[in-house]
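Work through the exercises below with the sequence and structure in view. Each task is followed by a worked solution.

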Amino acid sequence: MAAKPIPGRVTAAAEGDVVVFLIGMRINRWRAVRHWLPALRAMPRMLKELSRDGNSGLLGYQLLAGSPRDRTVVQYWESREKLLDYASDRDKQHRPAWTAFNRRARGSEGAVGIWHETYIVSAGSYESIYSGMPVQGLGKAHGVEPVVRRGERAAARLGDSERREASDTGTRAE
């Protein structure tokens, strides 16, 4: 069942710092199935494990498909510490999957690539807006609230108090 669009304009109800983790893989050689298929199968298992554990720190995620070769997952985490704890926990899915990937990668001659990026975004340095959309991304991870609670303009939602005041009064901040 497809998610229903939310009428009107809303913004993410995130408070404080936001942790965004991007992870992806690229199939470089289609015929090397034994090298890329285990990596492709590992991520859904990890996401299922994290989603079942209310204390894991994973707040939400979104799967993105680029070309047929590329897969990316955008993840939103409660804290940097919880992300790092999961990554290093030998009793969870990630650590054994990473070890197995590295072992296979040594003999794969670049058949599959893996990448990740982690961003710790400080409070006041992110903003979002969703209009006529089902809940997405940061809004899905933290919930949404009406735009007016955080400001009608991106500058206001980004925590720029001078611009917010100017926006509220209809004057322009220099």
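The exercises cover sheets, aromatic pairs and a helix contact in this predicted model.

**Exercise 1. Sheet of four strands**

Task: Find the order of the strands in the open sheet of four strands, and state which strands stand at the edges.

Solution:
- Step 1. Reading across the sheet, the order is β3-β4-β2-β5, and the pairing is antiparallel.
- Step 2. β3 (58-65) and β5 (112-121) each have a single partner strand, so one side of each is left without a neighbour in the sheet. These two strands therefore stand at the edges.
- Step 3. From one strand to the next, the twist averages 15°.

**Exercise 2. Pairing of β3 and β4**

Task: Describe how β3 pairs with β4, and state how many bridges there are.

Solution:
- Step 1. β4 covers residues 70-77, and its antiparallel pairing with β3 runs over seven bridges.
- Step 2. The link from β3 to β4 is a hairpin through four residues.
- Step 3. Individual residues can be matched across the pair: A65 is opposite R71 in β4, and Q62 has V74 of β4 as its bridge partner.
- Step 4. As background, side chains in a regular strand alternate between the two faces of the sheet.

**Exercise 3. Sheet of three strands**

Task: Give the strand order in the open sheet of three strands, and name its edge strands.

Solution:
- Step 1. The order is β6-β1-β7, with antiparallel pairing.
- Step 2. β6 (130-131) and β7 (144-146) are the edge strands: each has a single partner strand, so one side of each lacks a neighbour in the sheet.
- Step 3. β1 (residues 9-12) and β6 run antiparallel and are joined by two bridges.
- Step 4. Across from V10 stands Y130 in β6.

**Exercise 4. Aromatic pairs**

Task: State how many aromatic pairs there are, then classify the pair of W30 and W36 and the pair of W98 and F101.

Solution:
- Step 1. The count is three aromatic pairs.
- Step 2. For W30 and W36, the distance is 5.7 Å centre to centre and the angle between the planes is 85°. Planes over 60 degrees apart count as edge-to-face, and this pair is edge-to-face.
- Step 3. W30 is partly exposed, with a relative accessible area of 39%, whereas W36 is buried at 10%.
- Step 4. The ring centres of W98 and F101 lie 5.7 Å apart with planes at 15°, so this pair is stacked.
- Step 5. W98 and F101 are three residues apart in helix α3 (residues 94-106), which means about one helical turn separates them.
- Step 6. W98 has 38% relative accessibility and counts as partly exposed, whereas F101 has 9% and counts as buried.

**Exercise 5. Contact of two helices**

Task: Work out how α1 and α3 are oriented to each other, and list the residues in contact.

Solution:
- Step 1. The axes of α1 (residues 33-52) and α3 come within 10 Å and cross at roughly 170°.
- Step 2. Angles over 145 degrees count as roughly antiparallel, and α1 and α3 are therefore roughly antiparallel to each other.
- Step 3. α1 contributes R34, H35, P38, A39, A42 and M46 to the contact, and α3 contributes H94, A97, F101 and R104.
- Step 4. Sorted by type, the residues of this contact are six nonpolar, two polar and two charged.

Terms used. Residues numbered from 1 in each chain as written. Predicted model: local features only at pLDDT ≥ 70, side-chain atom pairs only at ≥ 80, totals over all residues. Heavy atoms only, no water. Pairing = 2+ DSSP bridges. Axes fitted to C-alpha atoms, helices over the stretch in contact; angles between N-to-C directions. Phe/Tyr/Trp six-rings, centres within 6.5 Å; stacked < 30°, edge-to-face > 60°. Buried < 20%, exposed > 50% of the residue type's maximum accessible area, 1.4 Å probe, protein only. Parallel < 35°, antiparallel > 145°, perpendicular 65-115°, else oblique. Contact = heavy atoms within 4.5 Å. Nonpolar A, V, L, I, M, F, W, Y, C, P; charged D, E, K, R; others polar.
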